Amino acid sequence: MNWLRLQMRAGLRAARQMLRQPFNTLLAALVVGIAAALPATGYMLLGNLQRLAGTVSAAPEISVFMQPAASADTVKDTEKKIRALLAKDGRVELISRDAALKRFRDNDGLSEILDALPENPFADAFVVRLKDADAQRLEALRADLAKLPEVEHVQLDSDWAKRLDALIALGRQALTMLAGVLGLGLVAVTFNTIRLQLLTQRDEIEVSRLLGATDAWIRRPFHWFGALQGLLGGVLAGLLALVATRMLAQPMGELAGLYSLEFVLRPLAALDWVVLLALCALLGWLGASASVRRHLSRIA
């Protein structure tokens, strides 16, 4: 209980010190917030992209395009062969050339171009959706479908999802490196802030030592000062990430709509907020601890 009471007193003392110099406190917290907002926003975007990739790649698809001259009987026969290859492991959907033409006609930017063509440029196509399949199974099925007569092209539509996963992994590594560099920067900012605080309160520290104050008692408010400064910077970082989410939500939704995807940009979750605030407070505490350990011994 005594330890907790001492910590509370030190925290209140640090808070009062921050309130006595609001401009410097806000400026330092703003620096921390802007630096922490970059990885926080990047983490938010990566999380949304990973959710999008998981949604798209959850049901692997293979598109089978028939030759334009294929007859209706040939298309039906090919459909039977595709179903036989699947062995009840998925489903097949036929997209006729007329349905494809109608879909593209509904697009105002393409209707006039399609009207100028002498005939329907599209071919009949099948969309094959598998329930559960690994990459090896998909590649084997794609090769078997390509061997069917009157089949002109087979496309594994999950390839782009794999590339997206690779980009997300690369982005995650880059974000980790950025967060590490900015984390060191936040420690340095707090280190310098606490150094200035120590110099400002030099006389007070000397008097406290003469009155019998221990170094632990002297260090405690500075640790809290760094942690509270980091915590305030974390709040600003979360708010900046929230603003970025609001600003990017509509453009991201419109972009997803062009690919017929329903996608809503989600902000940081409650747990992400807790982790962000805890990390910023911890970095502030580390910077304060390093600064106090280095400079307090120089004060006689």
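## Overall picture

Of the 300 residues in this protein, 36% count as buried. Please keep in mind as you look around that the model is predicted. The accessible surface of the protein comes to about 18100 Å², and carbon and sulfur atoms hold 63% of that area.

## Fold and contacts

The protein has 10 helices and four strands. Read from the N terminus, the order of elements is α-α-β-α-β-α-α-β-α-β-α-α-α-α.

How do the contacts spread along the chain? Among contacts in the protein with a separation of 6 or more, 83% join residues 24 or more positions apart.

## T245 in helix α9

Let us turn to a single residue. T245 sits in helix α9, which covers residues 215–258. Is T245 buried or exposed? Its relative accessibility is 4%, so T245 counts as buried, the cut-off being under 20%.

The side chain of T245 has a polar atom 2.8 Å from the backbone oxygen of A241. Once neighbours within four places in sequence are set aside, T245 is in contact with M44, L265, R266 and P267.

## E150 in a loop

Another residue to visit is E150, in the loop between α6 (135–146) and β4 (151–156). What is the phi of E150? The value is near 65°, which is positive in a residue other than glycine. Most residues other than glycine have a negative phi.

As for its surroundings, E150 has a relative accessible area of 32% and is therefore partly exposed, since that class lies between the buried limit of 20% and the exposed limit of 50%.

Note on methods. Residues are numbered from 1 along each chain as its sequence is written. This is a predicted model: local features need pLDDT of at least 70, side-chain atom pairs count only at pLDDT 80 or more; totals for chains, interfaces and linings use all residues. Side-chain values use heavy atoms; hydrogens and water are left out. Helices (H or I, at least four residues) and strands (E, at least two) are DSSP runs, numbered from the N terminus. Buried means under 20% relative accessible area, exposed over 50%, partly exposed in between (1.4 Å probe, protein chains only). Contact means heavy atoms within 4.5 Å. Accessible areas come from the Shrake-Rupley method with a 1.4 Å probe; for residues, only the protein chains shown count as cover. A polar contact is a pair of N or O atoms within 3.5 Å; within protein, one must be able to donate a hydrogen and the other to accept it, and residues adjacent in sequence count only if both atoms are side-chain atoms.
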